[in-house]
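Reader: I am new to reading protein models, and I would like a close look at a single part of this one. Could you take the sheets slowly, one after the other, and show me what surrounds them?

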Amino acid sequence: MKELFRHLDQIETQLQSLANGKISTLKLGFIGSAVQTILPQLLLTLKQKQPDIELSLHELANETQLDLIQKKELDFGFVRLSETPIGLHSLPIHTEHFSLVLPNNHPLLKQEKPDLYQLKDESFILFSKNYSHSYYDLVMSIFQDHQFTPKVTLRTVNALTIFNMVVQGLGVAIVPASLKMVIRLMYVFLN
């Protein structure tokens, strides 16, 4: 986290020299789960240090962010990647686990230590491969580690849609653990 803020200080210095006292715009890309983890505190700190910087936030897939950074249409982004393309610099700032999303009445919830392999015959709802190939490959590697290929019956690019489909009994899902906050907020608003 400290290294991230050091890097942001470097960006801030560059922005100040470019802006010469004028309001600058910082174009920031991010994946949805970053809103649940690092992004809020980062934005708060940045606005406190540089209140005149206009932030332009863009929720985008990993690959789209990389493309826009290379084209200099984004200043930097928050992505989930195992490798950084040549010519770009990356800084690991957060390690995240995945969580299994099951309907409230699922029998696996009664087990003390369930195994993902027990869901090999279930219908899965996953983020679309078209949204992010690298993210999709990462999720699929979880299934490979458990020695089965999931039966994917629904795909979407929206976490809230995934949660709603699971609640409706249309399948089970694997999502970044930080998205638990989304479901908590959903219950707050529903109750």
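Author: What follows begins with the whole chain, goes through its two sheets, and ends with the salt bridges and the confidence of the model. Please keep in mind from the start that this is a predicted model, in which the protein chain averages a pLDDT of 80 and 79% of the residues score at least 70.

The protein chain has six helices and seven strands, and when these are read along the sequence they follow the pattern α-β-α-β-α-β-β-β-α-β-α-β-α. Of the 191 residues in the chain, 39% are buried. Among the contacts that link residues at least 6 apart in sequence, 70% join residues at least 24 apart.

Let us take the sheet of three strands, which is open, has the order S2-S1-S3 and shows parallel pairing. Strands S2 and S3 (76–78) stand at the edges and each have a single partner strand, so one side of each is left without a neighbour in the sheet. From one strand to the next, the twist in this sheet averages 25 degrees. Strand S1, made of residues 25–30, pairs with S3 in the parallel sense over three bridges, and in S3 the bridge partner of Phe30 is Phe78. Helix H3, which spans residues 62–70, lies across S1 and S3 and runs at about 170 degrees to S3.

Within this sheet, Ser56 deserves a look of its own, and it is found in strand S2, which covers residues 54–59. Leaving aside residues up to four places away in sequence, Ser56 touches Thr25, Leu26, Lys27 and Leu28. The side chain of Ser56 also makes a polar contact, at 2.7 Å, with the side chain of His58.

Now to the other sheet, which is open and has four strands in the order S4-S7-S5-S6, with mixed pairing. Here strand S4 (98–101) and strand S6 (151–156) stand at the edges, and because each has a single partner strand, one side of each is left without a neighbour in the sheet. The twist in this sheet averages 30 degrees from one strand to the next. Strand S5, residues 123–127, is joined to S6 by five bridges, and the two run parallel; in this pairing, Ser123 stands opposite Lys151 in S6. Helix H4, residues 133–145, lies across S4, S5, S6 and strand S7 (172–176), and runs at about 150 degrees to S5. Helix H5, residues 159–167, also packs on the sheet, where it touches S4, S5, S6 and S7, and its direction makes about 170 degrees with that of S5.

Turning to charged side chains, the count comes to two salt bridges. In one of them, Lys71 pairs with Asp67, with the closest N and O atoms 3.1 Å apart. Lys71 counts as partly exposed because its relative accessibility is 48%, and Asp67, with a relative accessible area of 33%, is partly exposed as well. Lys120 forms a salt bridge with Asp121, where the closest N and O atoms are 3.2 Å apart. In that pair Lys120 is partly exposed, at 31% relative accessible area, whereas Asp121, at 60%, counts as exposed.

A last word concerns residues 185–191, over which pLDDT stays under 50 and for which the model has five contacts beyond four places in sequence. Where pLDDT is low, the predicted coordinates should not be read in detail.

Definitions and conventions:
Residues are numbered from 1 along each chain as its sequence is written. Side-chain values use heavy atoms; hydrogens and water are left out. A polar contact is a pair of N or O atoms within 3.5 Å; within protein, one must be able to donate a hydrogen and the other to accept it, and residues adjacent in sequence count only if both atoms are side-chain atoms. Contact means heavy atoms within 4.5 Å. Two strands pair if DSSP finds at least two bridges between them. Axes are lines fitted to C-alpha atoms, for helices over the stretch in contact, and angles run from 0 to 180 degrees between N-to-C directions. pLDDT is the predictor's confidence in each residue, from 0 to 100. A salt bridge is a side-chain nitrogen of Lys or Arg within 4 Å of a carboxyl oxygen of Asp or Glu. Buried means under 20% relative accessible area, exposed over 50%, partly exposed in between (1.4 Å probe, protein chains only).
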